[in-house]
Amino acid sequence: MTRVGSLARLRRFGLDEYVYGDDRIALCLVDGRPHAVDGTCPHSGGPLAQGALHGRTLVCPWHAWEFDCVTGEVHGFPDRFLKTYEVAVEGDDLVIDLA
């Protein structure tokens, strides 16, 4: 399990990013629960955690593509999904299995 963020920080901002190597994970707070999805837009590589979060809809800052940050569904493309990660809370730490 890898620590990817702080629950307190996610509560404060609603959206955060964890970067490892060339990869990104977008952390989203939806209805008080943390969720994590692939943080790179499949359209043109935009950094999703630098976009906007409206409920459970994550909006890419580059071209406004929309994603469900709970299921990973790409809005408008029901057969395409971002990778999702199970998030565990350990104290104030958000942890996921990157394997």
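Two aromatic pairs are present in the structure, which is a predicted model. One of them joins Tyr18 and Tyr20. The rings are stacked, with 6.0 Å from centre to centre and 25° between the planes. Tyr20 is partly exposed, at 24% relative accessibility. The second stacked pair is formed by Trp65 and Phe77. Here the centres lie 5.2 Å apart and the planes make an angle of 20°. This pair links distant parts of the chain, 12 residues apart. Trp65 belongs to the loop between E6 and strand E7 (66-68), whereas Phe77 is in strand E9 (residues 77-81). Phe77 counts as partly exposed, with a relative accessibility of 33%. The face of Phe77 is also covered by Arg80, at 5.6 Å from the ring centre.

An open sheet is built from 4 strands in the order E2-E3-E4-E10, with antiparallel pairing. Strands E2 (15-20) and E10 (84-85) stand at its edges. Each has a single partner strand, so one side of each lacks a neighbour in the sheet. E2 and E3 are joined in the antiparallel sense by 6 bridges. Within this arrangement, Leu15 is placed opposite Cys28 of E3.

The largest nonpolar core comprises 15 residues. Leu48, Leu58 and Phe67 touch the most other members. Strand E3 (residues 23-30) makes the greatest contribution to this core, with 3 residues. Another core, of 11 residues, lies apart from it and includes Val4, Tyr18, Leu29 and Ile96. In the largest core, the contacts of Leu58 beyond four places in sequence include Leu15, Ala26, Cys28 and Val37. Leu48, Ala52, Leu53 and Phe67 are also among the residues that Leu58 contacts. So are Trp65, Glu66 and Cys69.

Two buried polar residues were examined in turn. Thr57 is found in strand E6 (residues 57-59). Its relative accessible area is 17%, so Thr57 counts as buried. Beyond its neighbours within four places in sequence, Thr57 contacts Ala52, Glu66, Phe67 and His75. Ser6 is located in strand E1 (residues 2-6). Ser6 is likewise buried, with a relative accessible area of 13%. The side chains of Ser6 and Asp92 are joined by a polar contact of 2.7 Å. Not counting residues up to four places away in sequence, Ser6 touches Asp92 and Leu94.

Definitions and conventions
Residues numbered from 1 in each chain as written. Predicted model: local features only at pLDDT ≥ 70, side-chain atom pairs only at ≥ 80, totals over all residues. Heavy atoms only, no water. Core = buried A, V, L, I, M, F, W, Y, C linked by side-chain atoms within 4.5 Å. Buried < 20%, exposed > 50% of the residue type's maximum accessible area, 1.4 Å probe, protein only. Helix = DSSP H or I, 4+ residues; strand = E, 2+ residues; numbered from the N terminus. Contact = heavy atoms within 4.5 Å. Polar contact = N/O pair within 3.5 Å; in protein donor to acceptor, adjacent residues only side chain to side chain. Pairing = 2+ DSSP bridges. Phe/Tyr/Trp six-rings, centres within 6.5 Å; stacked < 30°, edge-to-face > 60°. Lys NZ or Arg CZ within 6 Å of the ring centre and 35° of its normal.
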